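User: Please take a close look at the place where the ligand sits, with the cut-offs behind each term.

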Amino acid sequence: MLDKLERLPADTILGLAAACRADPNPAKVDLTIGIYMDEQGLCPVFEAVRQAQQALVAEELTKAYMPPAGDEAFIQGMQRLLLGEGSSALRDQRVGSVQAPGGCGALRIGAEIIRAAAPDARVWVSDPTWPVHFPLLGSVGLRFATYRYYDPAGHDVNFDAMVEDLKQATAGDVVLLHGCCHNPCGADLSLEQWAVVADMAARQGFTPFIDFAYQGLGDGLEQDAAGLRLMVERVPELIVAASCSKNMGLYRERVGLALFVCRDEANAQALVSQALVAARRIYSMPPAHGALLAGRILSSPALTSSWRSELEAMCRRINGLRSGLRLKLEQASGRDFGFIEKEKGMFSFLGLSTEQALRLRRDYSVYMLDSSRINVAGVNAANIDYLARAVAAVL
Ligand SMILES: Cc1ncc(COP(=O)(O)O)c(C=O)c1O
């Protein structure tokens, strides 16, 4: 039976990162996979995580299963982080959440809920979107529709086109939005644009599904959540898939939250029960370690403050790299790269052709996706000049 199965190609992004690791060129530059890297090219462990981990290891009494919905301190802390301390939805107890294995697990739980509520739902995704959205949501049986989002010529959101396309989204449809730091393009909606989409959702009846994997890496924890919070004020229901992979550096621990803002408390409880049954049939129980760390950080003022200031430094560094890269590319090429500085988070399309991206890889050992999406956090003081000269050379 099993020998019928063929070998499948490796994931494109992971495959490129592996090719870069194997490249003997000492000047190589890895701008592929979406993880934060510091000046030394390392993805660091937050000091708050280190401290929470030491305490957890010292105090942990059991490895028995977690409660099915997850760690309560984690859930409460995340709900406040996402929706804000003064959230009226939280006060009215019309929010239900379950811990999930990473943002991916949260997206999957969200998809299971959508499928249970509306089996024929269409999920509207931005063009382009993170490619993993398709298998994650599609394998549940949901159908997709696409709305225009990024304009490669203008290096910005084509908001008129987005609105035009989303006019077709109706009650029973879901519109998937990137909460901040759009992956892959880095071009985010302004608050005014969030308001327009929120009003469309309220008027047309579609349900927003917000993939929130980069809170804190755009402008800051509160600023990055402004669009989501505005949406919560204006629409009766929405789903959030949050991740602590990037903003707490807990990538391999698989920490995320599926959050449902509902019409009322009874509906919120119903959705949690549905999410638990969905989780039970996929992976049964949530993993403990990462969520217990995040729960400790979010419930301790000292750890929260340490974590926040380290995250703010990361965010400042990414934005500094954006300005620096813009400058170096403009100096090296004489062209306008101002868009890099306007975008948010770790990603940007440099606007190169596939041919140019391939030449960069082949001739300069500069690794970016074929679409010329780069991870800005892979840039550092040691490689920025080389990178800018290499890009200018293939233009
Ligand atoms: C847009 C987007 N959503 C969700 C995720 C989920 O990440 P994780 O499952 O590692 O938390 C990622 C990770 O790269 C992402 O880029």
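Analyst: The ligand sits in the largest pocket, where sitting requires more than half of its atoms to lie within 2 Å of the pocket's grid points. A pocket here is an open set of points on a 1 Å grid over the protein atoms alone, where a 1.4 Å probe fits, with protein on both sides within 12 Å along at least five of seven lines, and lining residues have an atom within 4 Å of a point. This is a predicted model, in which local features need pLDDT of at least 70 and side-chain atom pairs pLDDT 80 or more, while totals for chains, interfaces and linings use all residues. Residues are numbered from 1 along each chain as its sequence is written, and side-chain values use heavy atoms, without hydrogens and water.

Around the ligand, counting residues with a heavy atom within 4 Å of it, are Gly102, Gly103, Cys104, Trp130, Asn183, Asp211, Ala213, Tyr214, Ser243, Ser245, Lys246 and Arg254. Helix 5 gives the most to this shell, with three residues; helices are DSSP runs of H or I with at least four residues, numbered from the N terminus.

Three side chains make polar contacts, that is, pairs of N or O atoms within 3.5 Å: an N or O atom of the Tyr214 side chain is 2.7 Å from a ligand oxygen, one of Lys246 is 2.8 Å from a ligand oxygen, and one of Arg254 is 2.7 Å from a ligand oxygen. Of the 390 Å² of accessible area that the ligand has on its own, the protein covers 91%, by the Shrake-Rupley method with a 1.4 Å probe.

Technical notes: A polar contact is a pair of N or O atoms within 3.5 Å; within protein, one must be able to donate a hydrogen and the other to accept it, and residues adjacent in sequence count only if both atoms are side-chain atoms. Helices (H or I, at least four residues) and strands (E, at least two) are DSSP runs, numbered from the N terminus.
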